[in-house]
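Here is a short tour of a protein chain, written for someone who would rather be at the bench. Have a look at the model first, and then we can walk through it together.

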Amino acid sequence: MAKNAGQILVFLLVVVILWAGGACLLVYTVSHPPRETKKLDPADLLLRTEEVSFRTSDGVVLSGWLVKGAPRAPVIILCHDLGGSRSTLLSSAVSLNRAGYPLLVFDFRGHGESTGSGATLGMNEARDILAATEFLKTRADIGSSRVGLWGIGMGAYAGARAALDDPAIVALALDSLYPDVATHLDRLVRSSVPPALRFLVPALGLIYKPFFSFRTSGAALAGSLNRLVDRSVLLIAAADPPDRFSEQQALYEAIPEGPQGSRNFLELKASVVTGLYAEDKKAYDDAIVRFFTTSLPRSAGAKAPAGKPIQVLER
């Protein structure tokens, strides 16, 4: 009897270990995507760039391009999504650069040519952006007192968190922003599990959430967005899937609109995350340029150019 009980306990222990190991492996795979190794040449897009590198507060060395723009114009930082790289942002960088803006396009830690390993879905990546703004202060050829930021997915989340700590980031275009790391982690895990096994995701979460949470404590963003009251913010959301669209509408509602800033909500059939092609891509890039030329004019105190306003939705 005792022998049978011991065998059952050993069996249950093995099941728990395999279950926990599988959950941790799943999270590791999600948070350590393969590095994007394809590196484009900015010169092919007629961009004048300088290879730069800078170090974060925790010692990670980040690599990027500083794209030349009008002298002393405010700079815009471009922040890629999980699994991306600076090269994935170059096509949209062209439109912003044609408007006269210098740009900093860099690889997050664990991505592209930067050092580090893995991602925290925007938590440590916010440090990367703060390191970027500190680096920009060392450059005499650009205006670093007013900084713009355009981020996608993880880059949007990291950008919003960095803006909470750095008032120099005055204009933010945030594509596919999510409310917190746990919500996005669940989404990523679910998408990586075969549909027939997705009913197991809640049980897996009992294991992987504690494993990941020590790296992402204080990761909820929605409750802090009221601190962006004096910034100009553009949230970009794809109409599909509806649950994510509603999620981003709620984030939009959480941003107060003060006398010095503005909040804008742009609904598209798709975003960069969900896929943009041909005319949709041009409409997207035009909206990004229009937002920054309105909210981050190249000369401080300059009058914003006339044009079609960003679509604001109140639902």
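How much area does the chain expose, and what share of it do carbon and sulfur atoms supply? The chain exposes about 14600 Å², with carbon and sulfur atoms supplying 60% of that area (Shrake-Rupley method, 1.4 Å probe). This is a predicted model, in which local features need pLDDT of at least 70 and side-chain atom pairs count only at pLDDT 80 or more, while totals for chains, interfaces and linings use all residues. Residues are numbered from 1 along each chain as its sequence is written, and side-chain values use heavy atoms, with hydrogens and water left out.

The average pLDDT (the predictor's confidence in each residue, from 0 to 100) is 83 for the chain, and 80% of the residues score at least 70. Residues 302–308 fall below 50. Where pLDDT is low, the predicted coordinates should not be read in detail.

Of the 315 residues, 52% are buried (under 20% relative accessible area, 1.4 Å probe, protein chains only). One of interest is R109, which counts as buried because its relative accessibility is 7%. The side chain of R109 makes these polar contacts (N or O atoms within 3.5 Å, one able to donate a hydrogen and the other to accept it; residues adjacent in sequence count only if both atoms are side-chain atoms):

| Side chain | Partner side chain | Distance |
|---|---|---|
| R109 | D58 | 2.8 Å |
| R109 | D128 | 2.8 Å |

Beyond its neighbours within four places in sequence, R109 is in contact (heavy atoms within 4.5 Å) with residues including T56, V60, L62 and N124.

How values were computed
Buried < 20%, exposed > 50% of the residue type's maximum accessible area, 1.4 Å probe, protein only.
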